[in-house]
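This report covers the surroundings of the ligand and two of the sheets. The sequence and structure come first.

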Amino acid sequence: MLEQTFILTPEQAQQMERTYRVVRRSVDARQRQLRVQLSLLCDPHGQLVPLDAPIPLYEKPVFKDVHADQKGEVVIVGAGPAGLFAALRLLQEGYKPILFERGKAVSERKVDIARLCRNEGLNPESNYCFGEGGAGTFSDGKLFSRSKKRGDMQRVMEWFHYFGASDTVLYETHAHIGSDRLPQIIRRIREAICERGGEVHFSTPMDLALWNEWKRAQRPVILAIGHSAHDTYRMLHAEQVTMSAKGTAMGVRVEHPQELIDRLMYHLQHASLQEVERVTQLVGHAAYSLVTQVKTADGAATRGVYSFCMCPGGHILPAGSQADGCVVNGMSNSLRNSPYANSGIVVALQPEDYAPFRKEGVLAGVAYQEALEHLAFQHGRMPSVAPAQRLTDFVDGRSSKTLPACSYLPGIVPSRLDEWLPVTIGKSLQQGFRDFGRKYVGYLTREAVIVGVESRSSSPVRIERDRETWQSLSHPWLYPVGEGAGYAGGITSSALDGIRAAEAIIQANR
Ligand SMILES: Cc1cc2nc3c(=O)[nH]c(=O)nc-3n(C[C@H](O)[C@H](O)[C@H](O)COP(=O)(O)OP(=O)(O)OC[C@H]3O[C@@H](n4cnc5c(N)ncnc54)[C@H](O)[C@@H]3O)c2cc1C
């Protein structure tokens with residue numbers, strides 16, 4: 001099929017979208033005049049294809065029934081995007097996936113998360129990181145990836161759509177599902193796996209007993225544990241699974257009133273509130289992506305400071321998995337309709353930065369992460385109230401006597417993050433925020449608050465695997481995948497990584 005691309009005003013774009021089949025859509029807010037780039041499907045004669053044309057959106061995936069007939073069993077540890085998409089790919093080829101997940105099914109997990117948000121304590125096995133769908137289930141559900149392989153990414157979008165995501169995931173450049181829609185989609189994926197003969201075992205962590213059983217059997221095991229299972233990392237390290245330390249990024253989450261961000265990003269500083277609302281109804285609330293380089297403490301080099309997982313119209317949430325740590329992250333619902341805009345602002349760290357924890361060897365980054373999370377916990381209030389500071393007070397090195405309203409449900413308490421964050425992170429963030437404030441005048445405001453700490457942007461460890469076979473370098477029956485293995489970051493790339501590991505296993509059995 002062919003396509004034609006148009007650069008349109010938001011009003012024109014809305015009209016076209018209601019009439020014709022869209023292939024790709026992106027909003028360009030770089031110029032004063034907002035523009036929407038729209039690619040529309042056309043037939044071989046160059047005619048635009050109407051929205052209701054009887055042409056399938058894509059070829060529906062077929063997942064085989066493996067109750068009676070199967071090519072073999074594959075164990076998968078972890079039911080996050082990497083594990084679930086690996087299971088689906090295996091089913092397509094007639095393999096039986098057997099998933100082991102330490103957390104609970106979505107419906108039970110919701111109960112634990114509601115308690116956590118009411119500040120009634122964290123269940124270390126059932127929270128925003130652990131349970132059916134992994135960290136992806138109550139995530140923001142932004143489906144972007146830096147992967148250049150459009151075809152592969154499209155397959156992930158099509159499967160999300162097949163299991164219930166809206167049509168927009170098929171064509172939006174910045175596709176978004178939302179935390180309110182993801183749980184049903186994840187549940188449907190699990191139901192599809194089980195209906196066709198796969199197995200999903202909840203509240204069943206891979207422990208030493210299971211590990212030893214699989215080690216004896218030497219049959220393929222896909223390891224899709226995410227980056228929060230520190231106990232599992234330690235177990236794997238003790239079992240001499242080859243790992244290496246890798247860089248990551250840590251910092252804080254910043255929250256502004258969404259209206260302020262809409263005005264800044266859409267060049268509407270002096271517009272009436274009605275005009276801001278009109279524009280956001282057409283193109284959605286504004287997001288941002290900020291990056292700068294700041295000098296290191298000794299002035300000898302530079303270090304990246306950047307925004308991470310920006311959530312327009314969203315909420316900050318407690319995203320830790322250990323009772324003595326305070327970790328924050330962000331999400332938004334499909335309508336992105338909260339009055340707040342939050343984003344992680346993180347500082348790039350390299351393995352050299354973990355030096356104070358070098359006795360932990362390759363797990364030094366994990367120890368650094370835990371120490372930072374514990375520090376935030378000590379400066380917050382038990383069990384999940386998070387330490388916070390007005391953005392301007394943080395940058396100027398002052399205490400905040402009061403805090404602005406914040407979306408973080410367990411609550412925030414004033415704290416001197418400028419004083420207790422490690423210098424590497426604190427000073428870099430101060431410089432970074434100053435740079436962002438120069439670029440977007442109004443971004444540095446008393447109305448913004450920073451909440452600590454955003455420490456789990458990616459894994460500080462890589463579980464090494466062979467580039468060709470995807471097998472662990474030390475344990476050839478093990479296939480480390482997804483974010484926890486250090487090969488992916490985010491839902492789409494983790495799902496893709498899971499698919500590719502499944503394909504490596506299928507290939508090896510041909
Ligand atoms: C609040 C929040 C918002 C986010 N928003 C976005 C977003 O908008 N877009 C985006 O792309 N990414 C987002 N992310 C990140 C995204 O969720 C992860 O990148 C993705 O889920 C990683 O997938 P994964 O399958 O590799 O690991 P995970 O999703 O972490 O899944 C790993 C699973 O393994 C299980 N597990 C761990 N150890 C064991 C064990 N020993 N035995 C059995 N099971 C085990 C865990 O319980 C978990 O369910 C967000 C994350 C959070 C927390």
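Helices (H or I, at least four residues) and strands (E, at least two) are DSSP runs, numbered from the N terminus. The model discussed here is predicted.

**Ligand surroundings**

Helix 2 (81-92), strand 13 (328-332) and helix 14 (491-508) each contribute at least two residues to the shell around the ligand. The ligand lies between domain 2 (73-243 + 463-508) and domain 3 (248-454), because both give residues to that shell. There are 36 residues around the ligand, and Glu101, Ala135, Met206, Glu483 and Ile491 come nearest. By class, the shell holds 16 nonpolar, 15 polar and 5 charged residues.

The table lists contacts between polar atoms of the protein and N or O atoms of the ligand.

| Residue | Protein atom | Ligand atom | Distance |
|---|---|---|---|
| Pro81 | polar backbone atom | oxygen | 3.2 Å |
| Gly136 | polar backbone atom | oxygen | 3.2 Å |
| Thr232 | polar side-chain atom | nitrogen | 3.0 Å |

Taken alone, the ligand exposes 990 Å², and the protein buries 95% of that area.

**The parallel sheet**

Strands of a sheet pair through backbone hydrogen bonds, either parallel or antiparallel. One open sheet has 5 strands in the order 6-5-4-7-19, with parallel pairing. Its edge strands are strand 6 (199-201) and strand 19 (478-480), each of which pairs on one side only. From one strand to the next, the twist averages 20 degrees. Which strand does strand 19 pair with over 3 bridges? The partner is strand 7 (residues 221-223), and the two pair in the parallel sense. Across this pairing, Leu223 stands opposite Pro480 in strand 19.

**The mixed sheet**

A further open sheet is built from 7 strands in the order 10-11-14-9-17-15-16, and its pairing is mixed. Strand 10 (291-295) and strand 16 (412-414) form the edges, each pairing on one side only. Neighbouring strands of this sheet are turned against each other by 35 degrees on average, with direction ignored. Do strand 11 and strand 14 run parallel or antiparallel? Strand 11 (residues 302-311) and strand 14 (residues 340-349) run antiparallel and are joined by 5 bridges. Phe308 stands opposite Gly344 in strand 14.

Methods
Residues numbered from 1 in each chain as written. Predicted model: local features only at pLDDT ≥ 70, side-chain atom pairs only at ≥ 80, totals over all residues. Heavy atoms only, no water. Pairing = 2+ DSSP bridges. Axes fitted to C-alpha atoms, helices over the stretch in contact; angles between N-to-C directions. Near = heavy atom within 4 Å. Polar contact = N/O pair within 3.5 Å; in protein donor to acceptor, adjacent residues only side chain to side chain. Areas by Shrake-Rupley, 256 points an atom, 1.4 Å probe, with all protein chains shown as cover. Nonpolar A, V, L, I, M, F, W, Y, C, P; charged D, E, K, R; others polar. Domains from an automatic or database assignment.
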